[in-house]
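Trainee: I've got the structure open and I'd like to check the labels against their cut-offs. Can we go through them together?

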Amino acid sequence: MSWASELPPELLCRPVGLVVLTGLDTTYNAVHKAVWDAFCNNRRPDRVPLHFRALELDHVYPKAKPKRTSYEWYIPKGILKTGWMKKHQNEVPAVVVIFFDLDWDDPMWKERQMECSTRVEIVRNSLQGRGTKIAVVLLQKSAPLPPGEDQGAAERASSFCSACDISAKSLYVLPQTDHLLGFTIRLENAFYELAQSYHHMEARKVKSHKDFLNRTTHQLLFVRHQFKTAFFNELKQDTHTAIKHYKQAYGHILEQRMHDTNMLEIKTIAGFVNYKICRLSFQHNVPLDAIAQFRKHIDFFKNRVGIPELAFEHSAWMSRQFQLFGDLFDEAIKLGLTAIQTQHPGFYYQQAANHAIFRKQLCHGLCVDQEKQPNAAILEGLEHLDFYGQRSWRQGHQSIEPPDPQKEKEGIIALQALERKVDHCWIIIPLLSSAVAQFRKYKSPRMKRYLMVQMGEEYFHAKDFSKALMLLNKVTWDYRMEQWWPLLTSILETSLKCAYLTARVQEYVANCMELICKNSQCSLDTKTRIQMNLLQVLSHEGPSSEPGLDQKCMEQAIKAWSEFKAKPHVFTIEMQGLIPFIECKARFVGETVPADGEVHLEVCFRVTCPLPVRFSKLRIQLSNPRYQQNCELTDVRGTNAASASREESDSDDLHLEPGKPRLYQFSFLPVKEDVGGQIDISSVTLEMGMESGCCAVLRWMGAGGESLIGPAPVVGPSKKLPAGQTFDWALFKVNPIIRVTPRKALLQLSVDHQSPCLINEFYTMTVTATNTENTSIHNAKLSLGLQTDQEGYDATSKQASSQLKSSSKAVFRKPKIPIILSEKCQSVQQS
């Protein structure tokens, strides 16, 4: 992050008053150590907001400036000094507390009192000119008596205050009892009141200077004094008064005369004040005020770039403003604020990332390599300036024109050289990651995917190709389903480069297959080049490099691909998850097949790549693996995947021409265990390449089809296509299931009987069976039944006639002649 866009840590933290504890020997005195721990350890939120420091008695505090009696000839050199906030938070105390071991009944009271008054005088001299409050705490061994009962203690306390020149409200007693923490909390509450009094007086001092200022020469001081007043009120924990003065300070900033030489300083201080206003607005639970303030801030400064040669600084500043507001928004949500899908921190992180990306582009356009070595000495002290937002080579100058044009030019060149060293990708990636997390939280999947693509591209630019490939692979599925072909093509091109640079063979092959398909937006020349690389990889050779890659990365990739050739690679690619260059449809001919009939299976392929393709093996997996040997085809012309042309073709090869569907037919007899059930197509696989080298197994689950890239394929029964007949690809019906029915028996039956039948009369029927099979029928069984809806039929007759069986076994023999069955000639005749 650019130094000019960073906010100092003392601005980002919550300001609290500084209380210095002196006179404690925490190293050798156990009581003093316990007192220090009671003040500093376990600072729960319910305790008063104070910052404690333990310093030596003779510590030298920053010297106070002499009071200014007039601003008549004073010309300010800047808006806000870089050390002012840090000084009042960590160096200039609001209260100094002197701890002293002294009991009321100490036999050497006078001497000890004199020693303590000397210590107080030393501290008072160190703080000369400042309004810091001084307090004394007497560490006593015994518990004090109730007020009014110890007259001696009251008299000695009065004399002690006179000797030390302090008020009675600044003298405290801390007994060394078991209730040390309780006494400590009471003491720090008293210190908090003293600190508030100090900050109140400091704010009043700053406000009193307003009467001496004029708007002609003291414009910067109006901003400075309002900021200081607001900051002192923050230290006092009066945030409502503080935000009022911060808003007044921001109003004075917008009134400043702005030009290229002071634009950075004004934007820097405006960023400080805007951050304070937004933070306190969220703290006061008025988020709409914070959002309105931020929009006003951005709208005013978005076009105020400053020095054109340093425009990247403006983009860095804009990016940081959006990031900081996103952080404040997110922090407020964690504390209970409710956000909505159209207004949440993700939008601000996204804009921060966009400005950071634009900063990188400006850097590449502006920060060109200089023939002359930049003067690095001109940037000495860049991080230790007197005023925020100023240039190190012209500190304190507020004129419109730079005082030294040559130094100005050298400074710009040095800053450009410094910007060239910044790795922008690692600024952009965390911002995009924060935005992705927010859009995922608020259920905006398309925005999340868009930002993930940007993250993948930034990882690519950062040369972390594995992470780039992983991120891009996560979003390609959605773009395939929604058929965003231009977006998908762009993503796949980046993924192909990542796969090449990391020598990820399977990903490389899969990306090539998608980029050469009919839906790819690549040019014909690009598709041809990619297909030649694909065929080269499947021939177990390293591919040619992708255009536009870094030379060092290419050298590492070539080395990795040389290791690829050392061992075989066999991998499976699931085609249902891709938009491939080859389409597949499979079907059974017909819906049913008899047990003694032949099952006919057809598979059709169509390639849409620029060049012809040869595959090495076709395999169809069915629900019963016993058919496997009947559903395989190996290319009879060889398995050279790099072959792109041939003179002749026949039905046994796997050479496919672009745009010409090829039909392959298989047939087999069903086995016994599938009779009465069904046969399913489990998958269709095509092998491309050689298993001894590099082999890609393309697998379609089920019977293939085009459900991923278009309407569902036509499913239903179909007729067998004559060999060599042309057909319409679109009307080729997918049929993945065929039922195996028992074969029809070749036996003819006739029943001869004469109605009617009287009640209780024996009824005679003659059954004639004719065998038309080619073999004899054995163990035949004959059953007769009566229709249940006949008039006069009852349960008794049903039971008697439901099963009429022959008394002897019936045998039907060849030739095919009718045999009348009687009792003596192996027939069944029942009355």
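Trainee: Why are lysine 33 and aspartate 37 said to be about one helical turn apart?

Mentor: Because they sit four residues apart in helix 2 (residues 30–40), and that spacing comes to about one helical turn. Keep in mind that this is a predicted model.

Trainee: And what makes lysine 33 and aspartate 37 a salt bridge?

Mentor: The cut-off is a side-chain nitrogen of Lys or Arg within 4 Å of a carboxyl oxygen of Asp or Glu. The N to O distance for lysine 33 and aspartate 37 is 2.9 Å, so the pair qualifies.

Trainee: Why is lysine 33 called partly exposed?

Mentor: Buried means under 20% relative accessible area and exposed means over 50%, with partly exposed in between. Lysine 33 has 35%, so it lands in the middle class. Aspartate 37 has 23%, so it is partly exposed too.

Trainee: What makes arginine 449 and aspartate 478 a salt bridge?

Mentor: Same test: their N to O distance is 3.8 Å, and the limit is 4 Å, so they count. Arginine 449 lies in helix 15 (residues 445–461) and aspartate 478 in helix 16 (residues 465–481), so the pair ties together parts that are 29 residues apart in sequence.

Trainee: Is arginine 449 buried or exposed, and how do you know?

Mentor: Its relative accessible area is 8%, so arginine 449 is buried. Aspartate 478, at 26%, is partly exposed.

Trainee: How do you know that arginine 480 and glutamate 514 form a salt bridge?

Mentor: Their closest N and O atoms are 2.7 Å apart, and that is within 4 Å, so the rule is met. This pair links distant parts of the chain, with arginine 480 in helix 16 and glutamate 514 in helix 18 (residues 505–515), 34 residues apart. Arginine 480 has 7% relative accessibility, so it is buried; glutamate 514 has 2%, so it is buried as well.

Trainee: Which residues do salt bridges with shared partners join into one network?

Mentor: Arg446, Arg449, Asp478 and Glu482. The total by this rule is 32 salt bridges.

Trainee: Why is lysine 77 called exposed?

Mentor: Exposed needs over 50%, and lysine 77 has 51% relative accessibility, so it passes. Lysine 77 is in the loop between strand 2 (50–55) and helix 3 (84–91), and it gathers with Lys65, Arg68 and Lys81 in a surface patch of positive charge.

Trainee: And what makes valine 767 buried?

Mentor: Its relative accessibility is 5%, and buried means under 20%, so the label follows. Valine 767 lies in strand 19 (residues 765–771).

Methods:
Residues are numbered from 1 along each chain as its sequence is written. This is a predicted model: local features need pLDDT of at least 70, side-chain atom pairs count only at pLDDT 80 or more; totals for chains, interfaces and linings use all residues. Side-chain values use heavy atoms; hydrogens and water are left out. Patches are made of residues with over 30% relative accessible area and no salt bridge: like charges are joined within 9 Å, nonpolar side chains (Val, Leu, Ile, Met, Phe, Trp, Tyr) within 5 Å. Accessible areas come from the Shrake-Rupley method with a 1.4 Å probe; for residues, only the protein chains shown count as cover. Lys and Arg count as positive and Asp and Glu as negative; His and the chain ends are not counted. The place of a charge is taken as NZ of Lys, CZ of Arg, CG of Asp or CD of Glu. Helices (H or I, at least four residues) and strands (E, at least two) are DSSP runs, numbered from the N terminus. Buried means under 20% relative accessible area, exposed over 50%, partly exposed in between (1.4 Å probe, protein chains only).
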